[in-house]
Each structure stands twice: as C-alpha cells, then as structure tokens.
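Thanks for coming. I will go through one model today, starting with the ligand and working outwards.

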Amino acid sequence: MNVTVFGTGYVGLVTGTCLAEMGNAVVCVDVDANKIARLNGGDIPIYEPGLEELVRSNHAAGRLAFTIDPAPAIAHGDVIFIAVGTPPDEDGSADLTHVLAVARTIGRNLGAASVIVNKSTVPVGTADRVREAISAELAERGVTIEFDVVSNPEFLKEGDAVNDCMRPDRIVIGTDSARAIGLLKDLYAPFNRNHERIVLMDVRSAELTKYAANAMLATKISFMNEMANIAERVGADIELVRHGIGSDPRIGYHFIYPGVGYGGSCFPKDVQALDRIATSHGYTARLLRSVEEVNNAQKSKLFVQIERYFDGDLRGRTIAVWGLAFKPNTDDMREAPSRRLLEQLWEAGASVRAYDPEARQEAQHIFGNRDDLTLCEQPYDVLDGADALAVVTEWKAFRSPDFKRIRARLARPVIFDGRNIYEPRVVEAAGIAYYGIGRGRSV
Ligand code: UGA
C-alpha cells in the first residue's frame, strides 16, 4: 500500500519505518528541512534502539522516503497519517496548531479519495476539526473529494518503540466509515496475527482511549509514590508492599514502581490535557489533579532528602548524579525528574557531576556550559570530589555497581536511590548510607 506520514518525531518515524518494513511504500513528510536532510543521509535524530538499522535498510530498499514537499507526498498516499506534535499550550491544553496546519495542507493538495488517519494524541473532537479544515480547503478550491478522518492512537513507549509498533497489544481504530475500516484492516494485517488486536470504535471514543490509557498509567505511578511516602513514615518497605499487592492479578506487577515521579513527553502533558478537556466540558477531574500534584511533589523527593541529610546546607557541596534521561534506553530529557533535581541543587548552592549513557549531549544542549555542572564520560568519574551519589534513572549499567569503589571515592559515602534499584542491606554492608523511596526510613 502507498502510505504517507506527516511528522518525523517518535511516532511518525517509528510508524512510517515499521510500515515500510512490512513492504509498504512510505513517504514521510516534515517541515524541518534539516531533519529531512539528516534522515535522507541515514542519520536518525533520536536515540531509539533498533530504529536506525530499520530506517537505513528500508531507505536503501526504496520503501521509505523523506521529503519536505507535501504535494507529491499527498498524491502518493492511499492512507495519510498525521503524526505531528501536540505540545501543551500555556494552560496545558494540547496545542493543535501543527495538526490543523497539516489538515489544511492536505485539503489544499488532495487529488483523490483518501483516508486521513490521526495518530497524534489530540483532544476529543479533533477529528471533526481536521475534517472541517480539509473540507474548507476543498471548498475553496471548488472541488469535491471523498475522504474519511480516522482516529488511530499510538501506544508506543520510548526505548521500546519499534517493538511496540511491530507487536502492538491493540490497534484502536476509531471511525464509522466501512471503507476506512477495510483499508486499515488490510494495512495492519501483518501486525494483527495470532489473535485479533483490532478494536473498532467511534472516533471520539478512540480519541479518549489514548488519554485514558496514559492517565491510568500515570495514576498507578502516583498511587505507588503516595504509598511509598506513607511506607517511609510508618516504617514499612514499599518494595515488599509492591510484591504483596502485585501478586493480585487484578492489580498486577506492571507499572507499580515507585520512584522520583513520571516524566517524558507523554504522561505529564496528557494528564494535564485531559484535565483541561474535562474542565472545558464542565467537569472537575479531581483524581487527575491529584495524580499531577503527587507527581509534582515527588520530583522534589531526592532533593528534599539530600538537603536534609546535609542539615539544610548544600553550599559548596558536590552531588554525583547517575541518570539524566527521563527513563532508561532513551536520550530524552523532556520533563525528566533529573532536571528538577539539578535545578534545586544549583539553587541551593551545590555543584553537580552527572553521567548518563545516552543523554549527555541532550543535557549539554539543555543546560549549556556552567561552572556548577560537569558532564562525565564514565560512570565512576562522577564520584571525584563528590559528597553523595543520587541515582535518578535506572539504567542497567547502574544496577550492580562496585560499591567499594563508590565508598572509597565519596567524601561522605551515601547513596540516594531514586529508583529503588539497590538492596539497602547490600549498600549498607559496603559501608555506605542508603536512602531509597519509601524504604522504611527517612533522613
Ligand atoms: C508512555 C506510555 O507508557 C505509552 O504506552 C504511550 O504510548 C506513550 O506514553 C505515549 O503517549 O506516547 P513513555 O512516555 O515513553 O510511554 O514512557 P513510560 O515507559 O511509560 O514511562 C513514563 C514515566 O513513568 C517514566 O518517567 C518512568 O520512569 C515512570 N514510571 C514508569 C515510574 O515511575 N514507575 C513505573 O512503574 C513505570
């Protein structure tokens, strides 16, 4: 099938590449000429395991093309995906500027009947606005062309995006058009093997499904962080509690890890946007607001512990930090808890020596050169002259460290484990003080 994808961010690039891998002829369009030039040169602008090889091989095989020119790309597509960003605007609502700009471009160039598929996370009702924007352009041109607008939200996770796209749990298709359903069922057939994964629904339910999924996951995390804060005060260990409740299949072991709060480009933005959607329809989403509030407080958790440990005075101290990305296997630092920690440490007069396996460049880009930040090239280099070590991202490389080496190099051996990746006993046996999240003790 001929497929066109607008937007070469995570969602667009991964979707386009996986569809090309299945043998479709895919054209990806972006307004960013620099990005398109890089992609045409085989240079992937994001770090995503497995993606680079797939982009290169499909590009070389002639199944995956990148362009800034929308007109031929629109003529090419039997199916046209919209996968551009929906950043939060000032009040937290999803900003539809890019989505509607693509819709107008489609309307200005559409030459034959087509199916327009929205993959971006958008407020309920956006498909109608996309349809109106396309219709308005067609009317301006004085032409009548049949088209459908479908909601087909994406559920990929950064760091595992190729796998999520190739082996989806579910494929949500929101439309009432039989023609669109037929076309998308054919397109997704290779991803829909062994058992039925396609969930058909109306377009508004599909749009809400995406927000509901992310809000539910964010709720699980905030709930566990709240339990951790209680555990810490009552002298219980949240890690044991996690096992105790996860064994109930109604609760499950997944996504109940307490930590320094959720970050990334999706949960913070989507919980806020859903809250705004509810408000704009006259409903106060109390639970969503609490989820956000708990998360916001949790992002300061490590700093509060560190500050207390040093008796409220961090001036002249150096804190070593392991992990800057919002989670492992990505270089993404959007809304990363590390950013809050670093800013609070600097504010309090401390310096930071940080290491991250992938996000070094990103951190350099975000923070620039400053005297109170050293971005190290090796994990143990962060310890030189440091007073304490804080673990912010649970990269595998941090899981079994040489505690003796840490103890020998820290001025006042202590680890603040923001992801509960260590056993307190093991760390303490190595002569290092240990503070995790909700592990029965606080500073
Ligand atoms: C999330 C969802 O997991 C995807 O299903 C969804 O498609 C995607 O958003 C999206 O809307 O595009 P992602 O943001 O890539 O994916 O990252 P997650 O793996 O979900 O992690 C989000 C945050 O939650 C991270 O900061 C992570 O550290 C934190 N987290 C996750 C916890 O603190 N505890 C957990 O148990 C799980």
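A word on classes before the ligand: Ala, Val, Leu, Ile, Met, Phe, Trp, Tyr, Cys and Pro count as nonpolar, Asp, Glu, Lys and Arg as charged, and the others, Gly among them, as polar. This is a predicted model, so local features need pLDDT of at least 70 and side-chain atom pairs count only at pLDDT 80 or more, while totals for chains, interfaces and linings use all residues. Residues are numbered from 1 along each chain as its sequence is written.

The ligand first. The shell around the ligand holds eleven nonpolar, five polar and four charged residues. A residue is taken as near the ligand if its C-beta atom, placed from the backbone, lies within 6 Å of it. Of the 20 residues around the ligand, those that come nearest are Glu-158, Tyr-257, Tyr-262, Gly-264 and Cys-266. Helix α9 gives the most to this shell, with three residues. Helices here are DSSP runs of H or I of at least four residues, strands are runs of E of at least two, and both are numbered from the N terminus.

Where does the shell around the ligand lie? Domain 1 (2-200) and domain 2 (211-296) both give residues to the shell, so it lies between them.

Now the domains, whose bounds come from an automatic or database assignment. Besides domain 1 (2-200) and domain 2 (211-296), the chain has domain 3 (299-435). The centres of domain 1 and domain 2, taken over C-alpha atoms, are 30 Å apart. Their contact takes ten residues from domain 1 and nine residues from domain 2; two residues are in contact if their C-beta atoms, placed from the backbone, lie within 7 Å. On the domain 1 side of that contact there are five nonpolar, three polar and two charged residues.

Next, the interior. A residue is buried if 20 or more other C-beta atoms lie within 10 Å of its own, exposed if 12 or fewer, and partly exposed in between. A nonpolar core is a set of buried Ala, Val, Leu, Ile, Met, Phe, Trp, Tyr and Cys residues joined through C-beta atoms within 7 Å. The largest such core has 76 residues, and Phe-81, Ile-82, Ile-116 and Val-150 have the most contacts inside it. Helix α9 (residues 203-234) gives the most to this core, with nine residues. Both domain 1 (2-200) and domain 2 (211-296) give residues to the core, so it lies between them. Apart from it lies another core, of 45 residues, including Leu-302, Leu-324, Ala-354 and Leu-389.

Three loop residues to look at. Leu-383 is in the loop between β11 (373-375) and β12 (388-391). Is Leu-383 buried or exposed? With 24 C-beta neighbours inside 10 Å, Leu-383 counts as buried. Not counting residues up to four places away in sequence, Leu-383 touches Ala-320, Leu-389, Ile-406, Arg-409 and Leu-410.

Asn-194 sits in the loop between α8 (178-188) and β8 (198-201), and its phi is positive, near 70 degrees. Asn-194 has 6 C-beta neighbours inside 10 Å, so it counts as exposed. Asn-329, in the loop between β9 (318-322) and α14 (337-347), also has a positive phi, of about 65 degrees. With 19 other C-beta atoms within 10 Å, Asn-329 is partly exposed. Most residues other than glycine have a negative phi.

Last, the whole chain. There are 17 helices and 14 strands, and buried residues make up 45% of the 443 residues.
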